[in-house]
Amino acid sequence: MHMSDALWGLPDPISQAEFYADVPTKRAIAWVIDTLLILAIVILLSLLTVGIGFFFFGFLLLAVGFIYRTVTLANSSATPGMRLTAIEFRTHRGERLDLPMAVLHTLGFTVSVAMVLPQIASIILMLTTPRGQGLSDMVLGTAAVNRNARS
């Protein structure tokens, strides 16, 4: 174990690999589920506004997605898609995300999704780093872990 790893409250990716098993795949599945849920909410909102929402569809996707991710991460450290795939985010201290950290994580996610290069970098990092961390995770010191692996 490296000295820097001893400072982390996250599980060690070598001795506790079960915490990170299949996490990149689960994150991709969770992303699809969450995106479909956000899309459904935005379509419903657009219909409830008698179609006016369709004129602001892009803005609504951005706003609803930001609120959806922030609120669900702050409440349970996982979005509904993440809960379905049995993963959750933890801070570098091993704690669940609080509201400020959920806002920062959502902001980082939103910025990386909005630009091609950060999104590609994030995907590559998730597939190659020991903890499966994306760009936002690396900056904030967070990681997605398997819930059922908790001790």
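**Exercise 1. Contacts along the chain**

Determine what share of the contacts with a separation of 6 or more comes from residues 24 or more positions apart.

*Solution.* Step 1: a contact means heavy atoms within 4.5 Å. Step 2: among the contacts in the protein with a separation of 6 or more, 62% are between residues 24 or more positions apart. Step 3: the basis of the values must be stated. The structure is a predicted model, in which local features need pLDDT of at least 70 and side-chain atom pairs count only at pLDDT 80 or more, while totals for chains, interfaces and linings use all residues. Residues are numbered from 1 along each chain as its sequence is written, and side-chain values use heavy atoms, with hydrogens and water left out.

**Exercise 2. Overall form**

State which secondary structure elements the protein has, and compare its radius of gyration with that of a compact globule.

*Solution.* Step 1: the protein has seven helices and two strands; helices (H or I, at least four residues) and strands (E, at least two) are DSSP runs, numbered from the N terminus. Step 2: along the sequence, these elements follow the pattern α-α-α-α-β-α-α-α-β. Step 3: the radius of gyration is taken over C-alpha atoms, and the globule rule is 2.2 Å times the number of residues to the power 0.38. For 151 residues a compact globule would have a value near 15 Å, and the 16 Å of the protein agrees with this. Step 4: the C-alpha atoms fill a box of roughly 60 × 30 × 25 Å along the principal axes.

**Exercise 3. Surface and nonpolar patch**

Find which helix gives the largest share of the nonpolar patch on the surface.

*Solution.* Step 1: the accessible surface of the protein is about 8500 Å², and 74% of this surface belongs to carbon and sulfur atoms. Such areas come from the Shrake-Rupley method with a 1.4 Å probe; for residues, only the protein chains shown count as cover. Step 2: a patch is made of residues with over 30% relative accessible area and no salt bridge, where like charges are joined within 9 Å and nonpolar side chains (Val, Leu, Ile, Met, Phe, Trp, Tyr) within 5 Å. Step 3: the nonpolar patch consists of Trp-31, Val-32, Leu-36, Leu-39, Ile-43, Leu-47, Phe-54, Leu-61 and Val-113, with about 760 Å² of accessible area together. Step 4: helix H2 (residues 23–48) contributes six residues, the largest share. Ile-43 is placed in helix H2, and its relative accessible area of 34% makes Ile-43 partly exposed. The classes are buried (under 20% relative accessible area), exposed (over 50%) and partly exposed (in between), with a 1.4 Å probe and protein chains only.

**Exercise 4. Salt bridges**

Determine how many salt bridges the structure holds, and which residues are joined into one network.

*Solution.* Step 1: a salt bridge is a side-chain nitrogen of Lys or Arg within 4 Å of a carboxyl oxygen of Asp or Glu. The structure holds four of them. Step 2: one joins Asp-137 and Arg-27 at 2.7 Å, N to O. Asp-137 is in helix H7 (residues 135–140) and Arg-27 in helix H2, so this pair ties together parts 110 residues apart in sequence. Asp-137, at 1% relative accessibility, is buried, and Arg-27, at 15%, is buried. Step 3: Glu-88 meets Arg-90 at 2.7 Å, N to O, and Arg-96 at 3.3 Å, N to O. These shared partners join Glu-88, Arg-90 and Arg-96 into one network. Step 4: Glu-88 is buried at 0% and Arg-90 at 14%, whereas Arg-96 is partly exposed at 41%.

**Exercise 5. The paired strands**

Establish which way the side chains of strand S1 (residues 87–90) point, and how many bridges join S1 to strand S2 (residues 143–146).

*Solution.* Step 1: Ile-87 and Phe-89 point one way, Glu-88 and Arg-90 the other way, and all are buried. Step 2: two strands pair if DSSP finds at least two bridges between them. Four bridges join S1 and S2, which run antiparallel. Step 3: Glu-88 stands opposite Val-145 in S2.

**Exercise 6. Positive phi**

Decide whether Val-50 and Ser-77 are buried or exposed.

*Solution.* Step 1: most residues other than glycine have a negative phi. Step 2: Val-50 has a positive phi near 55° and lies in the loop between H2 and helix H3 (57–76); with a relative accessible area of 75%, Val-50 is exposed. Step 3: Ser-77 has a positive phi of about 60° and lies in the loop between H3 and helix H4 (80–84); at 1% relative accessibility, Ser-77 is buried.
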